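Hi,

Here is the model I promised to pass on. Have a look at it first, and then read my notes underneath.

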Amino acid sequence: METQEQQESLIAHRAYRDTVGLFASGVTIITTRVGDCVRGMTANAVTSVSLEPTLLLVCIDRQAHLHDLIAQAGVFAVNILAADQATLSDHFAGRAAKDYTPESLSFVYGPNGDDGGVPTIAGCVAALRCTVEARYPGGDHTIFLGRVTALRANPELPQPLIWFNGTYQHLGPETSAE
């Protein structure tokens with residue numbers, strides 16, 4: 001039987017999660033590579049930090065498998081997903097459809113095969129490669145501050161995948177301000 005304190009803590013965690021879930025965010029897959037092994041996870045805790053130097057941050061749960069891989073590799077990429085990549089997002093969030101296999105997943109490498117330490121996912125709205133500049137404790141997460149070393153924007157600018165209130169959303173048609 002749960003104590004009153006445990007029940008209040010669970011309620012507070014759920015209320016917090018539900019409340020911050022009302023902040024619409026883009027959906028990304030954070031990737032890294034250690035040797036020949038490329039791994040990734042879905043995340044929306046990504047923030048641009050600085051233009052000079054060019055920095056962004058990602059927050060990774062310390063219990064996530066990717067956490068230790070990023071720490072070991074010292075590099076990661078932020079892949080900003082397109083609206084048609086929800087199945088890919090689900091796969092890397094551990095909610096893969098039974099008939100989905102990522103074997104068809106293709107990666108994009110830099111000029112002459114130079115991938116800056118980690119390849120990015122093809123078909124995304126954009127991707128940014130980073131080297132770990134610093135790490136900070138953040139509760140049950142680690143805040144990885146990354147220096148952007150390369151970026152790629154999709155010239156076709158597909159619609160981004162949006163996460164809001166616990167579900168995927170899409171941008172509506174553009175309207176002009178009058």
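Below is what I found, going from the overall fold down to single residues.

Keep in mind that this is a predicted model. The protein chain has 178 residues, and 31% of them are buried. Its secondary structure comes to three helices and 12 strands. If you take the contacts with a separation of 6 or more, 62% of them are between residues 24 or more positions apart.

**The sheets**

Start with the seven-stranded sheet, which is open and antiparallel, in the order S3-S2-S6-S9-S10-S5-S4. S3 and S4 (46–50) are the edge strands, each with pairing on one side only. From one strand to the next, the twist averages 35 degrees.

Two of the pairings are worth a look on screen. S2 and S3 run antiparallel and are joined by seven bridges. They make a hairpin with two residues between the strands, and Gly-35 in the turn has a positive phi of about 65 degrees. Further into the strand order, S6 and S9 are also antiparallel, with six bridges joining them. Phe-76 sits opposite Cys-130 of S9.

There is also an open sheet of three strands, again antiparallel, ordered S1-S11-S12. Its edges are S1 (25–26) and S12 (167–169), and each of these pairs on one side only. S1 pairs with S11 (residues 162–164) over two bridges, and Ser-25 has Trp-163 in S11 as its bridge partner.

**The helix across the sheet and the cores**

H2 lies across S2, S3, S5, S6, S9 and S10, and it runs at about 55 degrees to S2. That helix also turns up in the largest nonpolar core, so to speak of the core next: it has 14 residues, and those with the most contacts inside it are Ile-30, Leu-56, Val-58, Ile-70, Phe-76 and Val-78. The elements that give two or more residues to this core are S3 (37–43), S5 (55–61), H2 (65–73), S6 (75–80), S9 (126–138) and S10 (141–153). S5 gives the most, with three residues.

Ile-70 is a good residue to centre your view on. Leaving out residues up to four places away in sequence, Ile-70 touches Ile-30, Thr-32, Ile-60, Val-75, Phe-76, Val-132 and Phe-144. Separate from that core is a second one of nine residues, with Leu-81, Leu-88, Cys-124 and Leu-161 among them.

Leu-88 is in helix H3 (residues 86–92). Is Leu-88 buried or exposed? Its relative accessible area is 7%, so Leu-88 is buried, the cut-off being under 20%. Leu-88 and Thr-42 are 46 residues apart in sequence, while their C-alpha atoms are 8.8 Å apart in space.

**Thr-28**

Thr-28 belongs to S2 (residues 28–34), and it stands opposite Ala-43 in S3. The side chain of Thr-28 also reaches the backbone oxygen of Ala-43, at 2.7 Å. With a relative accessibility of 5%, Thr-28 counts as buried. What does Thr-28 touch, not counting residues up to four places away in sequence? The list is Met-41, Thr-42, Ala-43, Val-46, Val-78, Asn-79, Ile-80 and Leu-81. Two names there come back from the cores: Val-78 is among the residues with the most contacts inside the largest one, and Leu-81 is in the second.

**The salt bridge**

How many salt bridges does a search of the whole structure find? One. Arg-147 and Glu-133 form a salt bridge in which the closest N and O atoms are 3.0 Å apart. The pair links distant parts of the chain, with Arg-147 in S10 and Glu-133 in S9, 14 residues apart. Both ends fall between the limits for buried and exposed, under 20% and over 50%. Arg-147 has 32% relative accessibility, so it counts as partly exposed. Glu-133, at 39%, also counts as partly exposed.

That's everything from my side; over to you.

Cheers

Technical notes. Residues are numbered from 1 along each chain as its sequence is written. This is a predicted model: local features need pLDDT of at least 70, side-chain atom pairs count only at pLDDT 80 or more; totals for chains, interfaces and linings use all residues. Side-chain values use heavy atoms; hydrogens and water are left out. Helices (H or I, at least four residues) and strands (E, at least two) are DSSP runs, numbered from the N terminus. Buried means under 20% relative accessible area, exposed over 50%, partly exposed in between (1.4 Å probe, protein chains only). A polar contact is a pair of N or O atoms within 3.5 Å; within protein, one must be able to donate a hydrogen and the other to accept it, and residues adjacent in sequence count only if both atoms are side-chain atoms. Contact means heavy atoms within 4.5 Å. A nonpolar core is a set of buried Ala, Val, Leu, Ile, Met, Phe, Trp, Tyr and Cys residues joined through side-chain atoms within 4.5 Å. A salt bridge is a side-chain nitrogen of Lys or Arg within 4 Å of a carboxyl oxygen of Asp or Glu. Two strands pair if DSSP finds at least two bridges between them. Axes are lines fitted to C-alpha atoms, for helices over the stretch in contact, and angles run from 0 to 180 degrees between N-to-C directions.
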